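Trainee: Could we go through this structure together? I would like to begin at the surface and then move inward.

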Amino acid sequence: MKKTFFFAAVAAISILAVSCSKEESKEVQTFKASAEQTAENSKISLSGLQLRWSAGDQISVYDAASNNGVYALSSGEGTNSGEFAHSSGSSVSAAPFSAVYPASIRTGATTVSLPAVQHSADGGLQALPMYAVGDDMELKFHHLCGVVRFRLSASSAASVSSIAVTTNANTNGSATISGSGTSVALGTLGGTATTTLSLARRRV
């Protein structure tokens, strides 16, 4: 009886080892992504005047068959060219691919929704919206929006927790994306003309 148990146990261990081996060899689908550079200070983060991918960055990718998956930065943190591995949703396979950064603003294959309140712990730009279209696993992202930068100073100690900007056109809400490359365009936004930057209370 002991021999039978011993060989059965060995067989079970062998099956488990083969199973693990197969699981480990399964490849994770990965996109390579580069970000358009800007002359303005810009998660993605800024190093000098260069945009760099940051830990936690995610992109949303659609394919021609309407499959949609979220891909998370797996390597390239601190550089302009990163690799994004499949994280959730469907794997995509039918080119062309369209991708939006950050993944959280995407609401459909050709639609996004820009938040009315943007958050930044230190006042630096976070999650600059970008869009990419490509026929292979290498994506080149281009900006969907412009950037406004404020420099604040005070003659005595002051504390700032948020800044609200109101313009003569909507700056948040839902919109349609069209075009590709440097000709990518964002349609009329369906939200409001006031967008607020919320930040950890800072002394100026």
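Trainee: Which residues make the nonpolar surface patch of about 320 Å²?

Mentor: This is a predicted model. In it, the patch is made by Val148, Phe150 and Leu152.

Trainee: Where is the place of Phe150?

Mentor: Phe150 sits in the loop between strand 12 (138-143) and strand 13 (159-166).

Trainee: Is Phe150 buried or exposed?

Mentor: Phe150 is partly exposed, because its relative accessible area is 48% and the exposed class begins over 50%.

Trainee: Changing topic, how many residues of strand 11 are buried?

Mentor: Strand 11 (residues 130-134) is mostly covered, with 4 of its 5 residues buried.

Trainee: Which strands does strand 11 pair with?

Mentor: Strand 7 (residues 97-101) runs antiparallel to strand 11 and is joined to it by 5 bridges; in that pairing, Phe97 has Gly134 as its bridge partner. Strand 12 is also antiparallel to strand 11, with 2 bridges, and there Met130 is partnered by His143. A hairpin of 3 residues connects strand 11 to strand 12.

Trainee: And the interior: which residues touch the most other members of the largest nonpolar core?

Mentor: Trp53, Ile59, Val61 and Phe141 do, in a core of 19 residues. Among the elements that give two or more residues to this core are strand 7, strand 11 and strand 12. Another core, of 10 residues, lies apart from it and includes Ile105, Leu114, Leu144 and Val184.

Trainee: What is Val61 in contact with, leaving aside its neighbours within four places in sequence?

Mentor: Its contacts include Phe31, Tyr71, Val92, Phe97 and Arg106.

Conventions. Residues are numbered from 1 along each chain as its sequence is written. This is a predicted model: local features need pLDDT of at least 70, side-chain atom pairs count only at pLDDT 80 or more; totals for chains, interfaces and linings use all residues. Side-chain values use heavy atoms; hydrogens and water are left out. Patches are made of residues with over 30% relative accessible area and no salt bridge: like charges are joined within 9 Å, nonpolar side chains (Val, Leu, Ile, Met, Phe, Trp, Tyr) within 5 Å. Accessible areas come from the Shrake-Rupley method with a 1.4 Å probe; for residues, only the protein chains shown count as cover. A salt bridge is a side-chain nitrogen of Lys or Arg within 4 Å of a carboxyl oxygen of Asp or Glu. Buried means under 20% relative accessible area, exposed over 50%, partly exposed in between (1.4 Å probe, protein chains only). Two strands pair if DSSP finds at least two bridges between them. A nonpolar core is a set of buried Ala, Val, Leu, Ile, Met, Phe, Trp, Tyr and Cys residues joined through side-chain atoms within 4.5 Å. Contact means heavy atoms within 4.5 Å.
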